Amino acid sequence: MQALLDQIDKNRLPRHIAIIMDGNGRWAKEKGEDRLFGHFHGVESVRNIVEGCAELGIEYLTLYAFSTENWDRPEYEVIGLMELLVGTIRKEVESLDKNNIRLHVIGDMNMLPEYARKELEEALEMTSKNTGLNLIMALSYSGRWELLHAVKNIAYEVKKGRLSIDNINQDTLQNYLTTSKFPDPELMIRTSGEYRISNFLLYQLAYAELYFTPVRWPDFRKDNLYEALIDYQHRERRFGKTSEQL
Ligand code: IPE
Ligand code: IPE
Ligand code: MG
């Protein structure tokens with residue numbers, strides 16, 4: 001593990017890492033267990049990766065925990081996930097605070113049950129003064145939901161006469177996204193061997209480096225994160241230019 005860590009250039013770390021934490025259900029099934037068992041074990045990976053990012057000095061970590069489409073899963077799984085979420089936040093908020101980690105949430109909070117929303121709001125408030133790692137939980141989130149939400153709000157401002165169409169540019173759009181306060185992720189990791197975005201940060205991932213690993217989320221640990229970072233640092237990010245121009 002130390003050897004992997006030594007291979008990382010600390011001066012060329014991404015500021016923002018985004019992760020699609022996938023594979024909990026299959027991990028559990030492979031062990032002959034219920035899907036919720038996988039979600040339960042996924043929390044240990046969250047703890048480990050948050051700690052790993054904080055140790056490295058990563059500024060922003062976005063974790064895709066629940067998509068707007070995930071509401072269509074069987075009711076027992078949805079309820080189980082909500083309870084796990086609330087229980088985890090309750091248990092972890094003090095440790096987040098002690099480690100100077102600031103919690104943020106992006107997503108359609110109106111969809112969350114009242115008790116979950118309350119727990120989250122308290123955790124957001126409690127960590128709001130922290131200046132270390134920004135931990136952004138994408139909860140009841142989808143890229144299409146976010147873009148629709150932004151377009152509606154922009155249209156409303158135009159209708160009220162507070163914004164003119166001629167003045168709408170990419171910065172305006174950026175300002176209406178739920179991620180307006182965060183830089184775009186430079187690195188997006190998806191676990192469990194699926195090669196897709198699944199409605200995550202559609203706008204913000206425009207130039208992200210994508211990293212896919214077959215490792216299921218409950219097995220993902222700091223050394224897997226280091227491997228992703230080493231891979232990332234071997235890439236050339238051209239942003240449409242040629243190699244020679246960089
Ligand atoms: C990711 O694991 C967690 C959530 C989507 C909430 P899954 O539950 O999608 O696990 P798989 O992909 O079915 O194995
Ligand atoms: C994406 O995983 C959402 C989260 C990890 C929270 P899914 O398991 O829901 O995505 P699909 O259905 O495989 O595309
Ligand atoms: Mg999945």
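A residue counts as near a molecule if one of its heavy atoms lies within 4 Å of it. The model used in these exercises is predicted.

**Exercise 1.** State how many residues surround ligand 1 and which are the closest, then list polar contacts to its oxygen atoms.

*Solution.*
1. Ligand 1 has 13 residues around it. The closest are Asp22, Gly25, Arg26, Arg35 and Arg73.
2. A polar contact requires a pair of N or O atoms within 3.5 Å.
3. From the side chains, a polar atom of Arg26 is 2.7 Å from an oxygen atom of the ligand, and one of Arg73 is 2.7 Å from an oxygen atom of the ligand.
4. From the backbone, a polar atom of Asn24 is 3.2 Å from an oxygen atom of ligand 1.

**Exercise 2.** Find side-chain polar contacts to ligand 2.

*Solution.*
1. The residues surrounding ligand 2 include Asp22, Tyr64, Asn70, Arg73, Arg196 and Ser198.
2. An N or O atom in the Ser198 side chain lies 2.6 Å from an oxygen atom of ligand 2.
3. For Arg196, the distance from a polar side-chain atom to a ligand oxygen is 2.8 Å; for Arg73, the corresponding value is 3.3 Å.

**Exercise 3.** Classify the packing of H3 (residues 35–56) against H4 (residues 75–98).

*Solution.*
1. The angle between H3 and H4 is about 25°, and their axes are 10 Å apart.
2. Angles under 35 degrees count as roughly parallel, so H3 is roughly parallel to H4.
3. The crossing of H3 past H4 is right-handed.
4. Contact residues in H3 include Arg35, Phe40 and Val50, and those in H4 include Tyr76, Leu84 and Leu96.
5. The residues of this contact comprise eight nonpolar, three polar and four charged.

Methods. Residues numbered from 1 in each chain as written. Chains lettered and ligands numbered in written order. Predicted model: local features only at pLDDT ≥ 70, side-chain atom pairs only at ≥ 80, totals over all residues. Heavy atoms only, no water. Axes fitted to C-alpha atoms, helices over the stretch in contact; angles between N-to-C directions. Helix = DSSP H or I, 4+ residues; strand = E, 2+ residues; numbered from the N terminus. Parallel < 35°, antiparallel > 145°, perpendicular 65-115°, else oblique. Left-handed = near helix turned anticlockwise from the far one by under 90°. Contact = heavy atoms within 4.5 Å. Nonpolar A, V, L, I, M, F, W, Y, C, P; charged D, E, K, R; others polar. Polar contact = N/O pair within 3.5 Å; in protein donor to acceptor, adjacent residues only side chain to side chain.
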